[in-house]
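Visitor: Please take me slowly through one part of this model, beginning with a single stretch of it and then following whatever lies around that stretch.

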Amino acid sequence: MRGIYKVYPPEVVALEDVIWELRKGEIHSIVGENGAGKSTLMKILAGLIKPSAGSMYVKGEEVSFSAPHQAIRKGIGMVHQEFMLIPSFRIYENVILGSEKAVTNNVGFINSVKARNMVKEVAERYGFQIDVDAVTSEVSVAMQQKVEILKQLYRDVDILIMDEPTAVLTPQETEELFERLRELNRRGKTIVFISHKLDEVLQISDRITVLRKGRKIGTVDNDGITKRELANMMVGRDVVFTVSKSSSSAGKRVLSVRELTVRRDNSIELGPLSFDVREGEVVGVAGIEGNGQFELVEALIGTLPVCGGKIYIDEVEITHMSTRQRRRYMGFVSQDRKYTGLALQSTIMKNMIMTHHISRAFAKMGFAINWGKVGEFSRTLINSYAVICRGTNEPVSTLSGGNQQKVVVAREFSLDVPFLLLDQPTRGLDVGTIEFIHRKILQMRANGMAILLISAELDELFTLSDRLLVMRSGKIVAELLPNLTTKEDVGAYMLGVGGHE
């Protein structure tokens, strides 16, 4: 790739004069902060978006892609961070989707037996243990990822691009994925690995390219380079990976959950479960996605009705309160900032004032909002949380993912409430922003806040938590102290294996 530019209207430069090469048979990682251009560069290579300028060459031949199928014909396929599978389809049906011609009979119908056998043959050739007849929605997240890889192998790609492939995997599943990628690499596949997890990058890569603010900082061999050096290249400063945490001095009980049960579609999705969170402590929740964590969040925030049990904050029962009523007692950082954390088309200032607007502190003559005070409040938060922006009236949609998350965190952490519910607060963020948010969480803990932290990142849970709850199948299966357990033990509880059933 030579002189690659990507500019979005009005004048947002996503990539600037990037020169990058991929060697046959290597595992090449691409790292960088949020908004650095990692996924944009690879989506150009995979034919998903067109560059504003620049040229590309595959095996010495200049190419220009306007659609993914053109890239696939040149042997390039991409596995996205968010899976693109149809839940109700069987696995072999998802694999052939978009490439049905090879299994279509003379009258235009798909030959299911031929399709199934072809997919099974590809799976066996590459050593994938997959039941191709299984319904996709009924298999694990790790298995769905295998299906996404199998889709590309079925299309016989030579270059496999993996975008944040370990984001939702346990340590055991991550190690299994790495073994699978190494085996594919030994069989001649060239792999691009996009990730913000530097330990994993150093574990899997032959070479590493660092992007910062749309520009290539450099490409280095994975030969003696350290995690700290990589982070410095990414962020342009030294990064602290493990923030210092004072010993716990948990106080009175703030959140109390008793025999909580939630049903969805007439089946129990959650519970019964009971636990407490005390002031001045962080209680972490670990679990493979889909094991009740999201239902727990919905039950606490009030978007999913509770069919049994009770929830208290500061001895006040909130079990059947509306979401608005609960917000007087709790701050909430949702796992999806774009859809439930922010109003993207609104300004930074209006996003900062949401929930705060019900406070008398911002009232003017008893009922109207005092926008002068709101502006002053927003500017204070922008400075305190280092939000990089052009001003309070800038649409929040124009900010990078990391800065959008800082807006959410600033708003929620500045509420006058006793309890914070954090659902994947650093998902998809770069090391610099993660470090910043971790410091803020521990600062809130030191100030006496009771915090419930749901995260798919075991490193994050071990860094921040005073106690750790492990969820499986909608129940709490273990309560652990992070300093007296290991990530492998937590992963085993999450999977229910090795005596951790």
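Guide: Helices (H or I, at least four residues) and strands (E, at least two) are DSSP runs, numbered from the N terminus. The model is predicted, so local features need pLDDT of at least 70 and side-chain atom pairs count only at pLDDT 80 or more, while totals for chains, interfaces and linings use all residues. Residues are numbered from 1 along each chain as its sequence is written, and side-chain values use heavy atoms, with hydrogens and water left out.

Let us begin at helix 8, which spans residues 227-235, and just after which Gly236 takes a positive phi of about 85°. The buried residues of helix 8 are Leu230, Ala231, Met233, Met234 and Val235, where buried means under 20% relative accessible area, against over 50% for exposed and partly exposed in between (1.4 Å probe, protein chains only). What covers these buried residues includes strand 3, helix 7 (198-204), strand 9, strand 10 and helix 15, so several of these neighbours deserve a look in turn.

Strand 9, residues 207-212, is itself mostly covered, since 5 of its 6 residues are buried. It has partners in two directions of pairing, and strands are said to pair if DSSP finds at least two bridges between them. With strand 3 (residues 27-32), strand 9 pairs in the parallel sense over 5 bridges, and within that pairing Ile30 has Thr209 of strand 9 as its bridge partner. With strand 10 (residues 215-221), strand 9 runs antiparallel and is joined by 6 bridges, and here Arg212 is matched with Arg215 in strand 10. Strands 9 and 10 form a hairpin with 2 residues between them, and in this hairpin Lys213 takes a positive phi near 50°.

Another of the covering elements, helix 15, leads us on to helix 14. The axes of helix 14 and helix 15 come within 11 Å and cross at roughly 5°, where axes are lines fitted to C-alpha atoms, for helices over the stretch in contact, and angles run from 0 to 180 degrees between N-to-C directions. Helix 14 and helix 15 are therefore roughly parallel to each other, a label for angles under 35 degrees, with over 145 counted as roughly antiparallel, 65 to 115 as roughly perpendicular and the rest as oblique. On the side of helix 14 the contact (heavy atoms within 4.5 Å) is made by Gly402, Gln405, Lys406, Val409 and Phe413, and on the side of helix 15 by Thr433, Phe436, Ile437, Lys440, Ile441 and Met444. Two of these residues meet in a particular way, for Lys406 lies over the face of Phe436, at 4.7 Å from the ring centre; the rule asks for NZ of Lys or CZ of Arg within 6 Å of the ring centre and within 35 degrees of the ring normal.

Helix 14 also holds Asn403, which counts as buried at 9% relative accessibility. Leaving aside neighbours within four places in sequence, Asn403 is in contact with Ala386, Val387 and Ile388.

The ring of Phe436 brings us to aromatic pairs, in which rings of Phe, Tyr and Trp (its six-membered ring) have centres within 6.5 Å, with planes under 30 degrees apart called stacked, over 60 edge-to-face and the rest tilted. By this rule the count comes to 2 aromatic pairs. One of them joins Phe178 and Phe193 edge-to-face, at 5.7 Å centre to centre and 75° between the planes. Because Phe178 lies in helix 6 (residues 171-186) and Phe193 in strand 8 (residues 190-194), this pair ties together parts that are 15 residues apart in sequence. Phe178 is buried at a relative accessible area of 0%, and Phe193 is likewise buried at 0%. Tyr385 and Phe436 also pair edge-to-face, because their ring centres are 6.2 Å apart and their planes at 65°. Tyr385 lies in the loop between helix 13 (371-384) and helix 14 (401-413), and Phe436 in helix 15 (residues 431-446), so the pair ties together parts that are 51 residues apart in sequence. Tyr385 is buried too, with a relative accessible area of 8%.
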